[in-house]
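Visitor: Here's a model I'd like to get to know properly. Please pick one helix and give me a close look, then show me what lies around it.

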Amino acid sequence: TEEEFGEANVAYNKGNFPFSANSRALVTDNSVGFGKVLADESTGKILGVHIMGPNAGEMIAEGVLAMEYGASSEDVARTCYAHPTLSE
């Protein structure tokens, strides 16, 4: 968590994305929620992912996979997703 990073003096960047900005979430009336990615400030390596909202249990799998394989936030950002989907 961000609190743990603060206590351990870990330098990180944070990216937030509200479901209210996602087309699929809007048309299916599931726009309450967000995704948050925490990444190492110098390498971009993903250190944590938080997802709150509809389908979070399915979407978190991509974050776990990215962390397992040492992906950076840029690696994930450059991935092409189907549109409109919640996971994009």
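Guide: We'll start with helix 3, then move on to the sheet and two polar side chains.

First, the ground rules: this is a predicted model, so local features need pLDDT of at least 70 and side-chain atom pairs count only at pLDDT 80 or more, while totals for chains, interfaces and linings use all residues. Residues are numbered from 1 along each chain as its sequence is written, and side-chain values use heavy atoms, with hydrogens and water left out.

Helices and strands here are DSSP runs numbered from the N terminus (H or I and at least four residues for a helix, E and at least two for a strand). Helix 3 covers residues 56-68, 13 residues in total. The expected span is 1.5 Å times one less than the number of residues, which gives 18 Å here, and the end C-alpha atoms are indeed 18 Å apart.

Now for its two sides. Ala56, Met59, Gly63 and Ala66 are the buried residues of helix 3, buried being under 20% relative accessible area, exposed over 50% and partly exposed in between (1.4 Å probe, protein chains only). Looking down the axis, these buried residues fall within an arc of 80 degrees, so they line one face of the helix; the arc is taken from the directions that run from the helix axis to the C-beta atoms. The general background is that an α-helix has 3.6 residues a turn, so residues three or four places apart point the same way. Over on the other side of helix 3, Gly57, Glu58 and Glu68 are exposed.

What covers the buried residues includes strand 3 (46-52) and helix 4 (73-77). After helix 3 comes Gly70, with a positive phi near 70 degrees.

Strand 3 takes us to the sheet. It's an open one, with 3 strands in the order 1-2-3 and antiparallel pairing; strands pair if DSSP finds at least two bridges between them. Strand 1 and strand 3 are the edges, each pairing on one side only. From one strand to the next the twist averages 10 degrees, using axes fitted as lines to C-alpha atoms (for helices, over the stretch in contact) and angles from 0 to 180 degrees between N-to-C directions.

Strand 1 (residues 12-18) and strand 2 (residues 34-40) are joined by 7 bridges. Among the pairs, Asn16 has Lys36 as its partner, and Phe17 has Gly35. Another 6 bridges join strand 2 to strand 3, and there Leu38 stands opposite Gly48. Those two strands form a hairpin with 5 residues between them, and Gly44 in the turn has a positive phi of about 80 degrees.

Phe17 also turns up around Asn22: leaving aside neighbours within four places in sequence, Asn22 is in contact (heavy atoms within 4.5 Å) with Phe17, Thr85, Leu86 and Glu88. Asn22 sits in the loop between strand 1 and helix 2 (23-27) and is buried at 4% relative accessible area. Its side chain makes polar contacts (N or O pairs within 3.5 Å; within protein, one atom must be able to donate a hydrogen and the other to accept it, and residues adjacent in sequence count only if both atoms are side-chain atoms). They reach the backbone nitrogens of Arg24, at 3.0 Å, and Ala25, at 2.9 Å.

Finally, Thr79 lies in the segment after helix 4. With 37% relative accessibility it's partly exposed, and its side chain reaches the backbone oxygen of Asp75 at 3.1 Å.
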